[in-house]
Amino acid sequence: MNFLVLHGPNLNLLGKREPAIYGSETLAEINSALEKLSAELECELSFFQSNAEGELINAIQAAAQNCHGILINPAAYTHTSIAIRDALSAVGIPCVEVHLSNIHSRETFRHSSLVAPIAIGQICGFGRDSYLLGLRALFNYVKN
Ligand code: CA2
């Protein structure tokens, strides 16, 4: 099985800025932990990060060719992007939404997600474990 891991805007700064909120781990380290888990689960991962909404949408559309699931942290686009939600909905590939922080315990504008209603589920607040739990959940969902 193939899964796409999508990271939204500014997540390339992980580990370099604001460690109090987002931790000290870099995106490369999170991807590497996911790679390790994928070996255990016996699935294939591809990774993509972009600060541009259109590029994320292109990646979602391209995933329709060969991808069984999408693990996505849409970052700030979670709260604003109807276009990303529409793309996920249009391709019809199961997706799990993840966040490092607990978006529900932060500013009010982070409490709502445009993606959550079309995702299988949302996992937030566990740092890099949100991604690892999300991959396990997505894998089990697709397998069953
Ligand atoms: O908690 C999450 O994973 C978020 O998706 C992170 C987004 C934020 O807009 C969402 O509300 C919740 C922000 C990603 C920015 O990442 C940074 C990393 C290091 C330094 C600055 C920003």
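## Asn-73, tucked away in a strand

Let's start with Asn-73, which counts as buried because its relative accessibility is 3%, and the cut-off for buried is under 20%. Keep in mind as you look around that this is a predicted model. Asn-73 belongs to strand β3, which covers residues 69–73.

Who does Asn-73 meet? If you skip its neighbours within four places in sequence, Asn-73 is in contact with Leu-6, His-7, Gly-8, Leu-11, Val-98, His-99, Leu-100 and Tyr-131. With Tyr-131 there is a polar contact between the two side chains, at 3.2 Å. The Asn-73 side chain also gets to the backbone nitrogen of Ala-75, at 2.9 Å.

## Around the ligand

Asn-73 turns up again when you look at the ligand. There are 17 residues around the ligand, and those that come nearest are Asn-73, His-79, His-99, Leu-100 and Ser-101. Two of these names, His-99 and Leu-100, are also contacts of Asn-73.

Now zoom in on the ligand's oxygen atoms. One oxygen atom of the ligand sits 2.9 Å from an N or O atom in the Asn-73 side chain. Ser-101 brings a polar side-chain atom to 2.5 Å from an oxygen atom of the ligand. With Asn-10 it is the backbone that takes part: a polar backbone atom there is 3.5 Å from a ligand oxygen. How much of the ligand does the protein bury? On its own the ligand exposes 510 Å², and the protein buries 94% of that. As for where the ligand sits, the space it takes up is the largest pocket.

## Ser-113 and its loop

Next, hop over to the loop between β4 (95–99) and β5 (121–124), where you'll find Ser-113. Is Ser-113 buried or exposed? Ser-113 is buried, because its relative accessibility is 15%, against a limit of under 20%.

The side chain of Ser-113 is linked to two backbone nitrogens further along. One belongs to Val-115, reached at 3.1 Å. The other belongs to Ala-116, 2.9 Å from a polar atom of the Ser-113 side chain. Leaving out neighbours within four places in sequence, Ser-113 is in contact with Thr-78, Glu-97 and Gln-122. Try tracing the chain from Ser-113 to Ala-76: these two are 37 residues apart in sequence, while their C-alpha atoms are 9.5 Å apart in space.

## Ala-119, in the loop as well

Ala-119 is also placed in the loop between β4 and β5. Ala-119 counts as buried because its relative accessibility is 13%. Not counting residues up to four places away in sequence, Ala-119 touches Cys-95 and Glu-97. Glu-97 is on the contact list of Ser-113 too. For a longer hop, look at Asn-31: Asn-31 and Ala-119 are 88 residues apart along the chain, with 21 Å between their C-alpha atoms.

## Two positive phi angles

Which way does phi go at Ala-75, positive or negative? Ala-75 isn't a glycine, yet its phi is positive, at about 50°. Remember that the backbone nitrogen of Ala-75 is reached by the side chain of Asn-73. Ala-75 lies in the loop between β3 and α4 (82–91), and it is buried because its relative accessible area is 15%.

Glu-42 is another non-glycine residue with a positive phi, near 65°. Look for Glu-42 in the loop between α2 (27–41) and β2 (44–49). Here the surroundings are open: Glu-42 is exposed because its relative accessible area is 69%, and exposed starts at over 50%.

Notes. Residues are numbered from 1 along each chain as its sequence is written. This is a predicted model: local features need pLDDT of at least 70, side-chain atom pairs count only at pLDDT 80 or more; totals for chains, interfaces and linings use all residues. Side-chain values use heavy atoms; hydrogens and water are left out. Helices (H or I, at least four residues) and strands (E, at least two) are DSSP runs, numbered from the N terminus. Buried means under 20% relative accessible area, exposed over 50%, partly exposed in between (1.4 Å probe, protein chains only). A polar contact is a pair of N or O atoms within 3.5 Å; within protein, one must be able to donate a hydrogen and the other to accept it, and residues adjacent in sequence count only if both atoms are side-chain atoms. Contact means heavy atoms within 4.5 Å. A residue is near a molecule or strand if one of its heavy atoms lies within 4 Å of it. Accessible areas come from the Shrake-Rupley method with a 1.4 Å probe; for residues, only the protein chains shown count as cover. On a 1 Å grid over the protein atoms alone, a cavity is a set of points where a 1.4 Å probe fits but cannot get out, and a pocket is an open set with protein on both sides within 12 Å along at least five of seven lines; lining residues have an atom within 4 Å of a point. A molecule sits in a cavity or pocket if more than half of its atoms lie within 2 Å of its grid points.
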